[in-house]
Amino acid sequence: MPGEKKNRMGPTRPVDLLVVGGVAAAIAYLITRFNYGSIPTLPRLAGATAALIGVGEAIAGAGLRGRIRDRSRTDNDGSSRPPVPPLTAARAVQVAKASALAGAALAGLWLGFGIYVALKPDSVVAARADTVTAIVGLVCAVVLLAGALFLENSCRTPDDGPPGGAGGP
């Protein structure tokens, strides 16, 4: 059917992530610019939770990838591992897509905040410490984004082909 392919969920598009990140960066910059004096001191590891989630998603992606790609794989004791149930893979993709957008938004927020405080290191004493916090937060958000994209890619079946390619049904 001609309209059937239009309703299918595809891989996360980089342009979507860039738009979300760019809008979040602009909003964070403006909010920080007008309210920096009333923002409390941020903990150095404020973004660490995002990195932990990203690492967890990457670990889950590695496990799913092995079970999806190699259906004839057996465990050490010779028993075969059960295939991944379709709903499990669909839920993993759903989590991955949501986390990718959240990672892009967090990266944009930390970037906007970081740009503001990086331009004010001499005029505001706290800005120097906040610059380091923004860099740590940005790195952690990128780890979340990378883990989410890896999990999403890990849920592709071997006959899906490359993203945007003609390998799927």
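**Helix packing and buried residues**

The crossing of helices α2 and α4 is left-handed. This description rests on a predicted model. Helix α2 comprises residues 48–69 and helix α4 residues 125–154. The two axes approach to within 7 Å, with a crossing angle of roughly 15°. Because angles under 35 degrees count as roughly parallel, α2 is classed as roughly parallel to α4. Sorted by residue class, the contact of α2 with α4 contains 16 nonpolar residues, together with 5 polar and 3 charged ones.

Helix α4 also contains Thr133. The relative accessibility of Thr133 is 1%, and since buried means under 20% relative accessible area, Thr133 counts as buried. When residues up to four places away in sequence are left aside, Thr133 touches Leu42, Pro43, Arg44 and Trp110. Leu42, Pro43 and Arg44 are thus listed together with Trp110 as contacts of this buried threonine.

Two cysteines were examined for accessibility. Cys140 has a relative accessible area of 11% and is therefore buried. Cys155 is likewise counted as buried, at 11% relative accessibility. The number of disulfides in the structure is 0; that is, no pair of cysteine sulfur atoms lies within 2.5 Å.

Notes
Residues numbered from 1 in each chain as written. Predicted model: local features only at pLDDT ≥ 70, side-chain atom pairs only at ≥ 80, totals over all residues. Heavy atoms only, no water. Axes fitted to C-alpha atoms, helices over the stretch in contact; angles between N-to-C directions. Helix = DSSP H or I, 4+ residues; strand = E, 2+ residues; numbered from the N terminus. Parallel < 35°, antiparallel > 145°, perpendicular 65-115°, else oblique. Left-handed = near helix turned anticlockwise from the far one by under 90°. Nonpolar A, V, L, I, M, F, W, Y, C, P; charged D, E, K, R; others polar. Buried < 20%, exposed > 50% of the residue type's maximum accessible area, 1.4 Å probe, protein only. Contact = heavy atoms within 4.5 Å.
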